[in-house]
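Student: I should like to learn how to read a protein model feature by feature. Could you guide me through one?

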Amino acid sequence: MRVSWAGALNAAGVAGRMTVCPRDDGGISTSAARGFSWSTRRDGVVSADSWDARTDRERTILTASAPLVQPRVRVLGEVADMVGSLLSTDGYLEPDADVRKQLKDSAGDVLAKAIAALEGVDEADWATDALHDLLTRALVDEGGYKPRLAFGPVRVALSGRRVAPPLFESMEIIGKDVTLARLKGLAEHL
């Protein structure tokens with residue numbers, strides 16, 4: 001089966017074509033982002049309108065994020081907002097108002113524990129599975145938080161949204177420095 005998004009992408013400020021091709025192993029081809037282009041005039045998410053004119057960092061992030069974002073969007077207009085947090089290098093993303101209201105009193109403690117756990121991770125070990133295991137151990141097993149309360153503030157810090165690309169994959173994509181800066185940024189703004 002081959003799923004293709006074309007034509008309607010322009011209505012969402014997206015030019016070009018995005019094709020998602022399932023692999024034999026059940027995954028989705030990471031080549032899906034090739035040719036996927038946001039109009040910088042519309043939303044300023046990327047540096048250029050064409051794939052080849054983008055930075056290597058942007059192409060890498062778009063390629064990695066396409067299969068993560070595609071199943072989470074209901075309308076194409078949500079794509080730029082969702083990927084925008086991955087492309088941004090800002091140390092603090094202002095959470096949506098409704099998301100901020102949902103943060104519990106424990107958010108500050110959760111963020112402090114997450115920061116402490118993640119600061120010791122070597123850049124070479126900054127990978128999805130290792131990050132998942134580490135934060136589960138630090139926040140759920142040792143911290144005593146239920147997963148929703150443990151990972152909610154971390155997700156808000158990284159994306160500023162309630163619906164975002166998968167948490168641990170996002171952490172790997174944006175890297176250690178930006179992840180820690182965003183966790184600290186949200187902690188400072190609670």
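Tutor: We shall go from the overall fold to the core, the enclosed and open spaces, and two individual residues. Please keep in mind that this is a predicted model.

Student: How many helices and strands does the chain have, and in which pattern do they follow along the sequence?

Tutor: Secondary structure is read first as a count and then as an order. Here the chain contains 8 helices and 4 strands. Read along the sequence, the order is β-β-β-β-α-α-α-α-α-α-α-α.

Student: What share of the residues is buried, and what does the chain expose?

Tutor: Burial is judged residue by residue, whereas exposed area is a total for the chain. Of the 190 residues in this chain, 50% are buried. The exposed area is about 9500 Å², and carbon and sulfur atoms supply 49% of it.

Student: How should I read the contacts between residues at least 6 apart in sequence?

Tutor: One asks what share of them joins residues further along the chain. In this chain, 59% of these contacts join residues at least 24 apart.

Student: Which residues of the largest nonpolar core touch the most other members, and which helices supply the core?

Tutor: A core is read through its members and then through the elements that supply them. This core has 49 residues, and Leu 118, Leu 135, Leu 139, Phe 151, Val 154, Met 171 and Leu 183 touch the most other members. At least two residues of this core come from each of H2, H3 (78-87), H5 (107-119), H6 (128-141), H7 and H8 (167-188). Helix H8 gives the largest share, 9 residues.

Student: Which residues does Phe 151 touch, leaving aside residues up to four places away in sequence?

Tutor: With those neighbours set aside, Phe 151 touches Leu 135, Thr 136, Leu 139, Val 140, Leu 167 and Phe 168.

Student: What volume does the largest pocket have, and what lines it?

Tutor: A pocket is described by volume, lining and residue classes. The largest pocket holds about 270 Å³ of space. Its lining includes Val 99, Lys 104, Arg 148, Pro 153 and Arg 162. Helix H7 (residues 147-159) gives the most to this lining, with 6 residues. By class, the lining has 5 nonpolar, 2 polar and 5 charged residues.

Student: How many cavities of 30 Å³ or more are there, and what lines the largest cavity?

Tutor: Cavities are read in the same manner. The count comes to 2 cavities of 30 Å³ or more. The volume of the largest cavity is about 70 Å³. Among the residues that line this cavity are Ser 85, Arg 155, Pro 166, Ile 174 and Arg 182. H3, H7 and H8 each supply at least two lining residues, and the largest share, 4 residues, comes from H8. The classes are 7 nonpolar, 3 polar and 2 charged.

Student: Why does Thr 60 count as exposed?

Tutor: Its relative accessibility is 53%, and exposed means over 50%, so Thr 60 counts as exposed. Thr 60 lies in helix H2 (residues 56-69). Thr 60 and Ile 173 are 113 residues apart in sequence, yet their C-alpha atoms are 8.6 Å apart in space.

Student: Why is Glu 169 classed as partly exposed?

Tutor: The class between buried, under 20%, and exposed, over 50%, is partly exposed; Glu 169 therefore belongs there, with a relative accessible area of 28%. Glu 169 lies in helix H8. Beyond residues up to four places away in sequence, Glu 169 touches Leu 68 and Thr 128. From Glu 169 to Ser 65 the C-alpha distance is 8.5 Å, with their positions 104 residues apart in sequence numbering.

Note on methods
Residues numbered from 1 in each chain as written. Predicted model: local features only at pLDDT ≥ 70, side-chain atom pairs only at ≥ 80, totals over all residues. Heavy atoms only, no water. Buried < 20%, exposed > 50% of the residue type's maximum accessible area, 1.4 Å probe, protein only. Contact = heavy atoms within 4.5 Å. Areas by Shrake-Rupley, 256 points an atom, 1.4 Å probe, with all protein chains shown as cover. 1 Å grid on protein atoms, 1.4 Å probe; cavity = no way out; pocket = protein on both sides within 12 Å on 5 of 7 lines; lining within 4 Å. Points joined across faces, edges and corners; volume = space filled by probe spheres on them. Nonpolar A, V, L, I, M, F, W, Y, C, P; charged D, E, K, R; others polar. Core = buried A, V, L, I, M, F, W, Y, C linked by side-chain atoms within 4.5 Å.
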